[in-house]
Amino acid sequence: MQTLETMKIPAQVRERGANMWDGTICINFTAKFLDFLKETIVDDGVYGIKFVEGGQSVEVFKKEEPSFLTEDYVNWKSK
């Protein structure tokens, strides 16, 4: 896992060359993804989102834990 400084992403992309990243595509994808989540999540609670490996789909599921952070992430970040 890698932590990125959001404000540095455009400069990092420019350094790598053309056709590496298009902000418009990212914004459009995010808007459609958020619309999908609004349609899918209809109850209150904490939900998880899992990208299905080897596929092009996501799994949305209600979590029992009161946090959206995974235990692995919390352990990694607290080191």
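## A walk through the model, starting at the hairpin

Start by selecting residues 47–51 and 58–62: these are strands β1 and β2, which pair in the antiparallel sense over 5 bridges. Keep in mind as you look around that this is a predicted model.

Stay with the strands and select Phe-51 together with Val-58. Phe-51 stands opposite Val-58, which belongs to β2. If you show side chains here, remember that in a regular strand they alternate between the two faces of the sheet.

Next, follow the chain from β1 round to β2. How many residues lie between the strands of this hairpin? There are 6 of them, and in this hairpin Gly-54 takes a positive phi near 75°. Click on Gly-54 and check its backbone for yourself.

Now switch to a cartoon of the whole chain. Besides the 2 strands, the protein has 3 helices. Trace them from the N terminus and you'll meet the elements in the order α-α-β-β-α.

Zoom out and show just the C-alpha trace. Along its principal axes, the trace spans about 45 × 35 × 25 Å. The protein has a radius of gyration of 16 Å, while a compact globule of 79 residues would have one near 12 Å.

Turn on the surface. The protein exposes about 7500 Å², and carbon and sulfur atoms supply 55% of that. What share of the 79 residues counts as buried? The answer is 8%.

For a last stop, colour the charges. You'll find 10 positive and 13 negative ones, and their mean positions are 7 Å apart.

Methods. Residues are numbered from 1 along each chain as its sequence is written. This is a predicted model: local features need pLDDT of at least 70, side-chain atom pairs count only at pLDDT 80 or more; totals for chains, interfaces and linings use all residues. Side-chain values use heavy atoms; hydrogens and water are left out. Helices (H or I, at least four residues) and strands (E, at least two) are DSSP runs, numbered from the N terminus. The radius of gyration is taken over C-alpha atoms; the globule rule is 2.2 Å times the number of residues to the power 0.38. Buried means under 20% relative accessible area, exposed over 50%, partly exposed in between (1.4 Å probe, protein chains only). Accessible areas come from the Shrake-Rupley method with a 1.4 Å probe; for residues, only the protein chains shown count as cover. Lys and Arg count as positive and Asp and Glu as negative; His and the chain ends are not counted. The place of a charge is taken as NZ of Lys, CZ of Arg, CG of Asp or CD of Glu. Two strands pair if DSSP finds at least two bridges between them.
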